[in-house]
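Subject: A structure for you to look through

Dear colleague,

I am handing over a structure that I would like you to look through at your own pace. Please open it first, and then read my notes beside it.

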Amino acid sequence: MSKVFISCDMEGCSGIVNNQFCDPKGKFYKEAQAYMTGDLNAAIKGLQDAGVDQILINDSHWNMTNIRIQDLPSGVELISGDLKLDSMVEGLDASFDAVAFIGYHPMWGNERGVIAHTYSGITMRVTVNDKPVGETGIMGLVAGYYDIPVIFVAGDSMLKEEVCQLNPDIHFTVTKEGRTRLAAKLYHPDRVHHDITETIGKAWVNRKAIKPLVVEKPVRITVKFKETQIADMCMRMPQVERVDNLTVAYEHHDYLTVYRAFLALQSIGSASRG
Ligand SMILES: [Zn+2]
């Protein structure tokens with residue numbers, strides 16, 4: 001029985017350029033839901049054509065209720081809703097053979113990364129063992145913790161470079177080319193969907209040649225926030241160190257614990273905004 005886990009975000013999907021699309025209250029949100037579902041269904045088709053038996057999708061954007069189950073093929077399952085322990089990788093465990101990320105986007109500070117950010121609007125920079133990471137790295141290392149490879153990512157042209165730094169063997173579909181953080185040259189969805197279906201199928205066939213993302217132990221994560229009081233309040237959490245005015249760090253031998261500590265810092269941080 002073969003199983004694939006898909007984490008589906010929205011910012012990196014075809015057709016989407018700013019938060020008028022990504023914010024559920026935005027003018028183009030309904031269109032964005034259709035773009036997101038289109039890219040996701042292209043990935044599901046590629047995996048099902050390649051013979052994958054089970055696909056679990058986790059809705060990973062904003063309030064995490066963007067994808068409508070009735071818009072997906074009947075053979076898949078969907079985790080929907082945002083109050084979940086592992087957030088963007090909720091439902092992932094050691095039983096899966098491969099992981100794919102759809103609609104992912106570059107880390108905060110990437111000047112041509114479309115809607116580039118790192119997990120939240122309060123975070124400027126995240127490092128794991130001194131290497132800057134975006135959401136692809138942060139979530140991909142959870143897959144690595146379970147010894148599962150990330151085989152495929154779809155997102156903008158700048159994310160392709162970020163993914164290449166993580167592991168150049170990960171298959172990639174470019175959905176659009178960033179011009180600025182809030183403008184892009186769009187590729188037609190038909191072209192993107194065709195590419196996703198074909199490339200994720202190849203990724204599945206090649207999965208054994210793609211190494212899981214791993215990190216040396218102990219694992220140290222640093223999080224630089226946009227406001228100092230956020231770092232101040234994060235010091236309430238046991239084992240958190242202050243690195244500088246805006247930055248805190250957390251260290252543990254096990255990445256899953258580090259990842260959950262990161263999520264806890266994000267929860268504290270979001271409650272501490274000025
Ligand atoms: Zn998102």
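What follows is an account of what was found, going from the whole chain to the sheets, the helices and a few single residues.

Please keep in mind from the start that this is a predicted model. The chain holds seven helices and 13 strands, and its radius of gyration is 18 Å, close to the 19 Å that the globule rule gives for 274 residues, so the chain is as compact as a globular protein of that length. If you take the box along the principal axes, the C-alpha atoms fill roughly 50 × 40 × 30 Å. Buried residues make up 47% of the 274 residues, and, of the contacts with a separation of 6 or more, 68% are between residues 24 or more positions apart.

The parallel sheet is a good place to begin. In general, the strands of a sheet pair through backbone hydrogen bonds, and they do so either parallel or antiparallel. Here six strands form an open sheet with parallel pairing, and their order is 3-2-1-4-7-8. Strand 3 (77–79) and strand 8 (171–174) are its edge strands, each of them pairing on one side only, while the twist from one strand to the next averages 15°.

Strand 4 deserves some time, and you can follow its pairing on both sides. Five bridges join strand 1 to strand 4, the two running parallel, and in this pair Phe5 has Val99 of strand 4 as its bridge partner. Four bridges join strand 4 (residues 98–104) to strand 7 (residues 150–155), which also run parallel; here Ala100 has Phe152 of strand 7 as its bridge partner, and Tyr104 stands opposite Gly155 in strand 7. Helix 3 (residues 135–145) packs on the sheet and touches strand 1 (3–8), strand 4 and strand 7, its direction making about 165° with that of strand 4. Helix 5 (residues 189–205) lies across strand 4, strand 7 and strand 8, and runs at about 180° to strand 8. How many of the seven residues of strand 4 are buried? Seven of the seven are, so strand 4 is largely enclosed by the rest of the structure.

Helix 5 also packs against another helix. Helix 2 (residues 29–49) and helix 5 meet at an angle of about 35°, with their axes 7 Å apart, and the crossing is right-handed. Among the residues that make the contact are Tyr35, Ala42 and Leu47 of helix 2 and Val192, Ile196 and Trp204 of helix 5. Sorted by class, this contact has nine nonpolar, five polar and four charged residues.

There is also an open sheet of five strands with antiparallel pairing, in the order 6-5-11-13-12, and its edge strands, each pairing on one side only, are strand 6 (131–132) and strand 12 (241–244). Within this sheet, strand 11 (residues 219–225) and strand 13 (residues 247–252) pair in the antiparallel sense over six bridges, and Lys224 has Thr247 of strand 13 as its bridge partner. Helix 7 (residues 255–270) lies across strand 11 and strand 13 and runs at about 15° to strand 11.

Finally, there are some single residues in loops that you may wish to find for yourself.

- Pro218 lies in the loop between helix 5 and strand 11, and the peptide bond from Lys217 to Pro218 is cis, with omega near 0°.
- Ser87 is in the loop between strand 3 and strand 4, and has a positive phi of about 55° although it is not a glycine. Is Ser87 buried or exposed? With 22 other C-beta atoms within 10 Å, Ser87 is buried.
- Gln239, in the loop between helix 6 (228–234) and strand 12, has a positive phi near 75° and is likewise a residue other than glycine; Gln239 is exposed, with 10 other C-beta atoms within 10 Å.
- Arg68 is in the loop between strand 2 (54–59) and strand 3, and is exposed, with 12 other C-beta atoms within 10 Å. From C-alpha to C-alpha, Arg68 and Ala34 are 9.7 Å apart in space, although 34 residues apart in sequence.

With best wishes,
A colleague

Methods. Residues are numbered from 1 along each chain as its sequence is written. This is a predicted model: local features need pLDDT of at least 70, side-chain atom pairs count only at pLDDT 80 or more; totals for chains, interfaces and linings use all residues. Two strands pair if DSSP finds at least two bridges between them. Axes are lines fitted to C-alpha atoms, for helices over the stretch in contact, and angles run from 0 to 180 degrees between N-to-C directions. Two residues are in contact if their C-beta atoms, placed from the backbone, lie within 7 Å. A residue is buried if 20 or more other C-beta atoms lie within 10 Å of its own, exposed if 12 or fewer, and partly exposed in between; C-beta atoms are placed from the backbone. A crossing is left-handed if the near helix is turned anticlockwise from the far one by less than a right angle, and right-handed if clockwise. Ala, Val, Leu, Ile, Met, Phe, Trp, Tyr, Cys and Pro count as nonpolar, Asp, Glu, Lys and Arg as charged, and the others, Gly among them, as polar. The radius of gyration is taken over C-alpha atoms; the globule rule is 2.2 Å times the number of residues to the power 0.38.
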